[in-house]
Amino acid sequence: MLVVLLSREQSRFFVSHLGAVEEVYRVKGQRIRGMLTDRVPRDRRDALASQILKDEAKALASIAETIGREFETSYVLLCAPPDMGAAFRDHLSKAALARLASFEAGVHASAAEIGAAAAAAQEQLRVREEHELVGRLLEADPAAVSTGTQETLDCLREGRVLTLVADDSYATPGSHCRQCQSLFEATQVSTCPICRAADVEAIDDLVEAALEQAIDAKAHIEFIRDPACRSAFAGMGPLRALLRY
Ligand SMILES: [Zn+2]
C-alpha cells in the first residue's frame, strides 16, 4: 500500500510491503499563508490561497500516482487536513480513488506509528472490497461467473477463471484425478468423467487444491474472510469464480 501524509508544513509518502513501512519521499509545504504579504489585497487573499492549495494538491497527487506506479501499490491510505485532502482527491485517477481510505496520524509520526494507523484503515478497505466482490458475484451476468462449486472447478480446468473466490474457513472434501488433474466436488468418484482414467484419489481439502490450480493458472485469488460477507457467500461457497470468458 501507498501511505500519503499531507500537511501544510510537509508531505510524506510511505510504501508498505508485508507489514514493513518505509518512507520513500518527502516534500516541504509551501507555507501558503506566509507567502501572502500585505501587497495582496485582503479580498484576494482567500482566493489566491485556495488556488495555491489546489496547485500544490495537484502536484502531490501526481507524485502519489508516480510512486504508486513505481512500487506497484494497490491501496492508497490518506491522512490530510480536510481542504488539502479534498483537493488531493480531485486530482487522483479513478483507479486510485477506488482503492483509497483515510486514516489519522500525526505529521511527524514514525514509520512504525504510521504503519499501525494505516493497517487498521487498510483492513476496513479490504472488508469494503470483499463486500463489493460478493455483490458483483450476486449481480453479475450469469455468463460472467461460475454458478456452483463443480462448475468453478470445471472452469479452472478449462483455464477460464479470472478471479477465484474462496471461503477457506473450513476444509471441504473432494476428488482429484491424478491423470488429467481434474477436481471434483463429489467424493465417491472411481472413474474420471473427463479422461476416463481410474486413477482418482479422495482429497480432504478441495479449496486448497483449487487454489493451487488457480495460482498455476495465474488467476487472481480473493478470500472471503469478513463474517457478514461469509454469510452472504454461504449459499455460493466454498468456491466461485469471475470468468475470463
Ligand atoms: Zn482425469
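## A helix across three strands

Let's start with helix α7, residues 206–216, which lies across strands β6, β10 and β11 and runs at about 155° to β6. For angles like this one, axes are lines fitted to C-alpha atoms (for helices, over the stretch in contact), and values run from 0 to 180 degrees between N-to-C directions. The model is a predicted one: local features need pLDDT of at least 70 and side-chain atom pairs count only at pLDDT 80 or more, while totals for chains, interfaces and linings use all residues. Residues are numbered from 1 along each chain as its sequence is written, and side-chain values use heavy atoms, with hydrogens and water left out.

Helix α5, residues 111–139, also lies across β6, β10 and β11, and it runs at about 80° to β11.

## The sheet underneath

Those strands form an open sheet of three, in the order β10-β6-β11, with mixed pairing. At the edges sit β10 (220–223) and β11 (239–243), each pairing on one side only. From one strand to the next, the twist averages 20°. Two strands pair here if DSSP finds at least two bridges between them.

Strand β6 covers residues 161–166, and five bridges join it to β11, the two running antiparallel. Take V161 as an example: its bridge partner in β11 is L243.

## A look at T163

Where is T163 placed? It's in strand β6. Is T163 buried or exposed? It's buried, with a relative accessible area of 8%. Buried means under 20% relative accessible area, exposed means over 50%, and partly exposed is in between (1.4 Å probe, protein chains only).

Leaving aside residues up to four places away in sequence, T163 touches H220, E222, R240, A241 and L242. A contact means heavy atoms within 4.5 Å. H220 and E222 fall in the range of β10 (220–223), and R240, A241 and L242 in that of β11 (239–243).

## The whole protein

Zooming out, the protein has eight helices and eleven strands. These are DSSP runs numbered from the N terminus: helices are H or I with at least four residues, strands are E with at least two.

The C-alpha atoms fill a box of roughly 90 × 35 × 30 Å along the principal axes. The radius of gyration is 25 Å, where a compact globule of 245 residues would be near 18 Å. That radius is taken over C-alpha atoms, and the globule rule is 2.2 Å times the number of residues to the power 0.38.

Buried residues make up 43% of the 245. Of the contacts between residues at least 6 apart in sequence, 67% join residues at least 24 apart.
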